[in-house]
Amino acid sequence: MDTPELTRKILDRRERPSDPLRIVQAGHPALRRRAVTARAKLEPALLLELVEAMTITMRDAPGVGLAAPQIGLPLSLYVVEDRVAGEPGEDEEGDLLERRSLPLRALLDPQVELLGGERVYAWEGCLSVSGWQSIVPRARRVRLRASELLPDGTQREVDEEHVGWTARIFQHETDHLEGTLCHDLMVPRSFIDAGYAAHYTDLSEAVRRLGLRGEVTELDPGEVIAR
């Protein structure tokens, strides 16, 4: 089945255009394939319909990103949006992880280059591994290059740097396009039911109570960045 045919099949599973798509879970082969290039694969109208459906699905989940492989489509495309971030000083954890608002974006064939040597340790979950979290080290700064799909169907090339939580989002979603799940990169022994995450907001508690090992043990209480 070619990409347009599979895309149409996935979209037509909905009863209404306003319904979310089904998010596939770990074990689905689309999550372990390298995604195919998205440029020129779909007609503009179909691509816009796909992005709208993915946006509805991401918001319904809810999540801050959704890659095409997560709906069973091995295409190098994802949508991202973070509307949760508050003002500096309002959210201690958000400030620590440098979480800032990220407007809705749809990116085709993104490439992420890790910049610098700083790594940020934080709990991370995935809509395709529902109900579970783990501590995943990520680069604090990245360079993003991609083709961005604009609301009118045109595309523009982007080359920009991101830091903090936004950089984490782009790393997470780009990993999906390589067939990698965030938990593949986790600190060993940190895989937990999401319901327990509130007990370990200070990573030093996770180190002590879960018996974590490695670089994460060198962080002082309240710290998340290793240099």
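A polar contact here is a pair of N or O atoms within 3.5 Å, where, within protein, one atom must be able to donate a hydrogen and the other to accept it. In this predicted model, the side chains of Arg140 and Glu98 make such a contact, at 2.8 Å. Arg140 is found in strand β4. With a relative accessible area of 19%, Arg140 falls under the 20% cut-off and so counts as buried. Setting aside neighbours within four places in sequence, the residues in contact with Arg140 are Glu98, Glu118, Val120, His162, Val163, Gly164, Ala167 and Ile225. Glu98 thus turns up both in this contact list and as the polar partner of the Arg140 side chain.

Next come the nonpolar cores. The largest of them holds 33 residues, and those with the most contacts inside it are Tyr78, Tyr121, Trp123, Ile135 and Leu212. Two or more residues each come from β2, β3, β4, α4 (165-177), α5 (203-210) and β7 (225-226). The top contributor is β3, which puts in 6 residues. As for Trp123, once neighbours within four places in sequence are left out, its contacts are Gln133, Ser134, Ile135, Trp165, Ser190, Ile192, Tyr200, Leu203, Ala206 and Leu210. A separate core, apart from the largest one, has 23 residues, including Leu42, Leu73, Ala106 and Leu149.

Helix α2 covers residues 44-60, and its geometry checks out: 17 residues at 1.5 Å apiece should span 24 Å, and the C-alpha atoms at its two ends do lie 24 Å apart. Plenty of this helix is hidden from solvent, namely Leu46, Leu47, Leu50, Val51, Ala53, Met54, Thr55, Ile56, Thr57 and Met58, which are buried. The cover over these buried residues includes one helix, α1 (3-11), along with the strands β1 (65-67), β2 (77-82), β3 (102-125), β4 (132-149) and β5 (155-163).

Thr37 sits in the loop between α1 and α2. Its relative accessibility is 42%, and because that value lies between the 20% and 50% cut-offs, Thr37 counts as partly exposed. Beyond residues up to four places away in sequence, Thr37 touches Leu75, Ser76 and Asp109. With Asp109 there is also a polar contact, side chain to side chain, at 2.9 Å. For a sense of how the loop is placed, Thr37 and Val80 are 43 residues apart in sequence, and their C-alpha atoms are 18 Å apart in space.

Terms used. Residues are numbered from 1 along each chain as its sequence is written. This is a predicted model: local features need pLDDT of at least 70, side-chain atom pairs count only at pLDDT 80 or more; totals for chains, interfaces and linings use all residues. Side-chain values use heavy atoms; hydrogens and water are left out. Helices (H or I, at least four residues) and strands (E, at least two) are DSSP runs, numbered from the N terminus. The expected span of a helix is 1.5 Å times one less than its number of residues. Buried means under 20% relative accessible area, exposed over 50%, partly exposed in between (1.4 Å probe, protein chains only). Contact means heavy atoms within 4.5 Å. A nonpolar core is a set of buried Ala, Val, Leu, Ile, Met, Phe, Trp, Tyr and Cys residues joined through side-chain atoms within 4.5 Å.
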